[in-house]
Amino acid sequence: MTHITPASRISGDLENHIRRRVTAGARIAEIAAETGFTITEMEQYVGNRKPRWRLEDEARRRAGERGHIVVFKPFRRKSGGYDIRPITLPGISMYIAAQKEAER
């Protein structure tokens with residue numbers, strides 16, 4: 001029998017929802033109840049991602065203070081895995097317009 005982890009069942013939209021709830025201060029038990037996962041599964045899922053979410057939020061905050069835009073893109077490793085890394089773009093009108101168009 002194959003063990004299905006929460007990460008394998010969570011779509012990008014659901015991850016964004018979980019991330020927003022966690023960063024807003026919601027309790028893990030509340031988020032687990034909303035999403036249909038056990039508290040243990042949600043603790044593992046959030047525990048593995050929370051440090052990265054904090055770093056990404058900090059990078060966005062700092063870039064915003066400088067007038068820049070931060071975009072996160074996947075970078076493939078030679079081993080076949082990938083990381084999601086921030087790319088800082090200057091806050092010029094072309095990039096701002098492209099970001100607004102992408103958010104629609």
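Two strands are taken to pair if DSSP finds at least two bridges between them. In this predicted model, strand β1 (residues 68–76) and strand β2 (residues 82–90) are joined by nine bridges, and the two strands run antiparallel. Two of the pairings help to place the register: F75 of β1 has D83 in β2 as its bridge partner, while V70 stands opposite T88 in β2. In a regular strand, side chains alternate between the two faces of the sheet.

The hairpin formed by β1 and β2 has five residues between the strands. Within this hairpin, G80 takes a positive phi near 105°. S79 is also found in the loop between β1 and β2. With a relative accessibility of 63%, S79 lies over the 50% cut-off and therefore counts as exposed. The C-alpha atoms of S79 and S93 are 37 Å apart in space, although a separation of 14 residues in sequence lies between the two serines.

H68 offers a useful counterpart, and its place is in strand β1. The relative accessible area of H68 is 32%, so this histidine is partly exposed. Leaving aside residues up to four places away in sequence, H68 touches A63, T88, L89, P90 and G91. One of these contacts, P90, is 22 residues from H68 in sequence, and the C-alpha atoms of the pair are 4.7 Å apart. T88, which H68 touches, is also the residue that stands opposite V70.

Turning to the helices, α3 (residues 28–35) and α4 (residues 39–66) have axes that come within 9 Å and cross at roughly 110°. The two helices are therefore roughly perpendicular to each other. The crossing in which α3 passes α4 is right-handed. On the α3 side, the contact is made by I28, A29, I31, A32 and T35; on the α4 side, these residues meet I39, M42, E43 and V46. By class, the residues of this contact divide into seven nonpolar, one polar and one charged.

Helix α4 also packs against α2 (12–23). Here the axes are 10 Å apart and the packing angle is about 75°, which makes α2 roughly perpendicular to α4. From α2, the residues involved are E15, I18, R19, V22 and T23. Their partners in α4 are M42, Y45, V46, R49, K50, R52, W53, E56, D57 and R60. The contact of α2 with α4 has six nonpolar, one polar and eight charged residues. M42 and V46 of α4 appear in the contact with α2 and also in the contact with α3.

Finally, the loop between α1 (6–9) and α2 contains S11. A relative accessibility of 42% means that S11 counts as partly exposed. S11 and T38 are 27 residues apart in sequence, and their C-alpha atoms lie 17 Å apart in space.

Terms used
Residues are numbered from 1 along each chain as its sequence is written. This is a predicted model: local features need pLDDT of at least 70, side-chain atom pairs count only at pLDDT 80 or more; totals for chains, interfaces and linings use all residues. Side-chain values use heavy atoms; hydrogens and water are left out. Axes are lines fitted to C-alpha atoms, for helices over the stretch in contact, and angles run from 0 to 180 degrees between N-to-C directions. Helices (H or I, at least four residues) and strands (E, at least two) are DSSP runs, numbered from the N terminus. Angles under 35 degrees count as roughly parallel, over 145 as roughly antiparallel, 65 to 115 as roughly perpendicular and the rest as oblique. A crossing is left-handed if the near helix is turned anticlockwise from the far one by less than a right angle, and right-handed if clockwise. Contact means heavy atoms within 4.5 Å. Ala, Val, Leu, Ile, Met, Phe, Trp, Tyr, Cys and Pro count as nonpolar, Asp, Glu, Lys and Arg as charged, and the others, Gly among them, as polar. Buried means under 20% relative accessible area, exposed over 50%, partly exposed in between (1.4 Å probe, protein chains only).
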